[in-house]
Amino acid sequence: MIENVPCTLIDTHSHIHISPTHTVLSCLPIAHHALMSIDQSDWEKVLSLHTTYPATTSAWFGVHPWHVRSISNDWIQLLEQKLNEHPQAMVGEIGLDKVAAQRSEDKEIVWKEQLRVFREQYHLAGRLNRSVSIHCVQGYGELYETLRKPPPPAIPLRIGLHSYGGSLEITKSFLSLPCASRLFFGFSFAVSRRSPKIRPVIAHIPIKQILLESDSSRPESVLPDLQSALLLISEIREIPIEETARILNENAKNFLGLVDI
């Protein structure tokens, strides 16, 4: 545990609602949890936990690329309805995962379905002026093209690239986009520590566009995972950990639209 962090941290990407022990959420020293759904059946779980803890959670509704084959025929209408019923809710977790598609027997079909489902959610977020949280594994070229050529006015309010694993080259490309000021790059220790290319990427991204994530569904791992990611970012940027924590919390407030924390 890191003892000299002067503030409680904000988790900008959490799956804690999945845990049967999520009732301990009120005991965790975390200022806010962004609850990310992964499929249709998850939406009510997210909503239930958010309703119980409205001041310290935010609700995100979406379909993860791993689950594009389990959606109903009217899923996009139901998603829009859910978002309209909850004007403060955002869109996530959505995205592209070519590795997951390659594991399927119908590789090309699944990849095309991922692209369609991702783009429909991305453009819905833009139309409703909501933020998005995007998962991307080996699909950065397609993601870049989507962000580069959105049909107006389909640019989401803010765009979070979750557990970001892009190369320095693609990072520079993202930061040159017209929507670059809306981009945030999230880093979770579980994913980021495995990538040898992460250090020059974190060093290059503007510090005010970096987010801290646990990406965890286990309450007991949220704080240590956030602190480990915080320490990694602090070391790479050569900024004292207290100041890094303050900056990343401000970034999280901007990304999540929080004003009362």
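Ser163 counts as buried in this predicted model, because its relative accessibility is 10%, below the 20% cut-off for that class. The residue sits in the loop that joins strand E6 (159–162) to helix H6 (168–175). Leaving out residues up to four places away in sequence, Ser163 touches Gly186, Ser188, Val191, Glu213 and Asp215.

Helix H6 spans residues 168–175, and the nonpolar core may be described next. The largest nonpolar core holds 71 residues, and within it Phe174 and Phe187 touch the most other members. When neighbours within four places in sequence are set aside, the contacts of Phe174 comprise Tyr140, Leu143, Tyr144, Leu147, Leu161, Tyr164, Ala180, Leu183 and Phe185. A second core, separate from this one, has 12 residues, among them Ala31, Leu211, Ala252 and Phe255.

A further topic is the packing of two helices, H1 and H2. Their axes lie 12 Å apart and form an angle of about 10°. The two helices are therefore roughly parallel to each other, since angles under 35 degrees fall in that class. The residues that make the contact are listed by helix below.

| Helix | Residue range | Residues in the contact |
|---|---|---|
| H1 | residues 42–52 | Trp43, Glu44, Leu47 |
| H2 | residues 75–85 | Trp75, Leu78, Leu79, Lys82 |

By residue class, the contact of H1 with H2 consists of five nonpolar and two charged residues, with no polar ones.

Definitions and conventions
Residues are numbered from 1 along each chain as its sequence is written. This is a predicted model: local features need pLDDT of at least 70, side-chain atom pairs count only at pLDDT 80 or more; totals for chains, interfaces and linings use all residues. Side-chain values use heavy atoms; hydrogens and water are left out. A nonpolar core is a set of buried Ala, Val, Leu, Ile, Met, Phe, Trp, Tyr and Cys residues joined through side-chain atoms within 4.5 Å. Buried means under 20% relative accessible area, exposed over 50%, partly exposed in between (1.4 Å probe, protein chains only). Contact means heavy atoms within 4.5 Å. Axes are lines fitted to C-alpha atoms, for helices over the stretch in contact, and angles run from 0 to 180 degrees between N-to-C directions. Helices (H or I, at least four residues) and strands (E, at least two) are DSSP runs, numbered from the N terminus. Angles under 35 degrees count as roughly parallel, over 145 as roughly antiparallel, 65 to 115 as roughly perpendicular and the rest as oblique. Ala, Val, Leu, Ile, Met, Phe, Trp, Tyr, Cys and Pro count as nonpolar, Asp, Glu, Lys and Arg as charged, and the others, Gly among them, as polar.
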